[in-house]
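Subject: Structure for your review

Hello,

Please find the structure below, followed by notes on what was found in it.

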Amino acid sequence: MRTLIKHILAATEPKEAVTVKGWVRTRRDSKGFSFLELNDGSCLANVQVVVDSGTPGSEHLAHLTTGASAVIDGKLVASPAQGQKWELRATRLELVGTADATYPLQKKGHTQEFLRTIAHLRPRSNLYGAMFRVRSRLAFAVHQFFQERDFVYVHTPIITASDCEGAGEMFRVTTLKGNIDEKPQADFFGKPTYLTVSGQLEGETFACALSNIYTFGPTFRAENSNTARHAAEFWMIEPEMAFCDLQGDMDLGEEFLKALARYALEHCAEDLALFAKFVDKGLQERLKFVVERPFVRVPYSEAVEILKQSGKQFEFPVEYGLNLQSEHERFLTEEHFKSPATVFNYPREIKPFYMRLNDDGKTVTAMDVLVPGIGEVIGGAQREERLEQLHENMKLHKLKPEDYWWYADLRRYGTVPHAGFGLGFERLLMFLTGVPNIRDVIPFARTPGSADF
RNA sequence: UCCAGAGUAGCUCAAUGGUAGAGCGUCCGGCUGUUAACCGGAAUGUUGCAGGUUCGAGCCCUGCCUCUGGAGCCA
């Protein structure tokens, strides 16, 4: 029976007979015996295998090169040398698959740019193995966070006919050939359809029935965005709460980020240590800071004043009514507050129609959670629950109410104050691992001009 | 899409307009309870693509492609 290497290395006593299966990371030969470093992806560390010449199967040793796969039976013993607690003394080895000299992963470090060109092999490297283990655990932690709080997981549709206004360009989904705009009624769904840019509007309908819900699924944006923090396909988390206002929304967003940072520190320590070593020296300090310290909350108008009085020269102007630029957000979190910051109550003109108008008649209940290094990681709002006001907002944004009849029905029948937010899972991973490029936190990145693998 | 930078050996990078190199990896040999082992030797190139200038282009010019960083859009 196979034992995963993570369990082998966690042993508390020697074991007479164990079997490991994995891929050779490196081999060092000595006179009369060899050292094999075997990794099976179950953890960052390799198990050191000692193979004496004459061991059954050792005639294949020459082919057990970096990248080859092998099954090894052996005895787990305390290692006499520095560097590892346990080592496996092989009693039998089996070469499963060879890897010749063209195997592109060397024992030495590679750039992330090169590894992106071999995305099918990069999970066999230390950094990406760690990344995708952490990604899995944090996806689980997302569900755990919401399930513990009685949120219901909702699968909103991936194909949709409605545009979550303001979220970005959409990919068209069609079975038509030729000119697809000529007769859209002849298309598969009888109308133009797209890949979803957000499950929010559908999510609201379920919150207005099941009270607290969340979505966690793939999302698509056809924007021609070429940055380290944009992808055409990404995973988004969107909670929505009935009988909840902006305060409650900000509470949940901040609590969520803290909970995931805490989870990463507690459950991904070995992998986090690797990120700290190679990509972000201050990673653990930053995560502890996020867990322990309260987030700063600042109204948009006050944020504008802080920027104006900073005495700093910005490339883009700071003026009430203008969007905060990346440089402004970075200044706030990285230099001024030196912590994550939640900016709320934005001018209505720069935010979408569904956000609730405040009593001042000028601002809406929007909130963005900004984090150092990445910028916006959460964007959310309390929704406009008043039917008349919603219609007026639509008019202001030049939207046709009939396109949103079902969305408006939520305000027509038993309307309630409700709020929610969207959070990009990949941006969360960037923040929690310190890996600076979104292409390196998703298994196979889809970006403009690139859908390889 | 805009601005800037870069494409040379499998990888990371050198190379005044004048014979294309190094380190690592690979292969061969040696040595050693080794740890990104060590020592010696060898092989490895359509210099991103297409044109142009020149006696001569990796280097200069034009166009294109790709990648990287930044910006916009946003999560």
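**A pocket and an RNA surface**

The residues that line the second largest pocket comprise 15 nonpolar, 13 polar and seven charged ones. Please keep in mind that this is a predicted model. The pocket holds about 750 Å³ of space. Its lining has 35 residues, and those closest to the centre are Arg25, Arg124, Ser125, Asn126 and Leu127.

Domain 1 (5-97) and domain 2 (122-440) both contribute to the lining of this pocket, so it lies between them. At least two lining residues come from each of strand E1 (15-30), strand E2 (33-39), helix H2 (112-116), helix H3 (126-148) and helix H6 (269-278). H3 gives the most, with seven residues.

The other topic is RNA strand B. It is surrounded by 49 residues, of which Asp29, Glu87, Gln106, His230 and Arg427 are the closest. By class, this surface has 14 nonpolar, 20 polar and 15 charged residues. Elements that each supply at least two residues to the surface include E1, E2 and H2, and E1, E2 and H2 each supply at least two to the lining of the second largest pocket as well. Also among the elements at the RNA surface are strand E5 (86-97) and strand E15 (375-382).

Of the RNA atoms within 4 Å of the protein, 48% belong to sugar or phosphate, and the rest to bases. Base oxygens of RNA strand B lie 2.7 Å from a polar side-chain atom of Asn226 and 3.3 Å from a polar backbone atom of Ser30. At Val377, a polar backbone atom is 2.7 Å from a sugar or linking oxygen of the strand.

Regards

Methods: Residues numbered from 1 in each chain as written. Chains lettered and ligands numbered in written order. Predicted model: local features only at pLDDT ≥ 70, side-chain atom pairs only at ≥ 80, totals over all residues. Heavy atoms only, no water. 1 Å grid on protein atoms, 1.4 Å probe; cavity = no way out; pocket = protein on both sides within 12 Å on 5 of 7 lines; lining within 4 Å. Points joined across faces, edges and corners; volume = space filled by probe spheres on them. Helix = DSSP H or I, 4+ residues; strand = E, 2+ residues; numbered from the N terminus. Nonpolar A, V, L, I, M, F, W, Y, C, P; charged D, E, K, R; others polar. Domains from an automatic or database assignment. Near = heavy atom within 4 Å. Polar contact = N/O pair within 3.5 Å; in protein donor to acceptor, adjacent residues only side chain to side chain.
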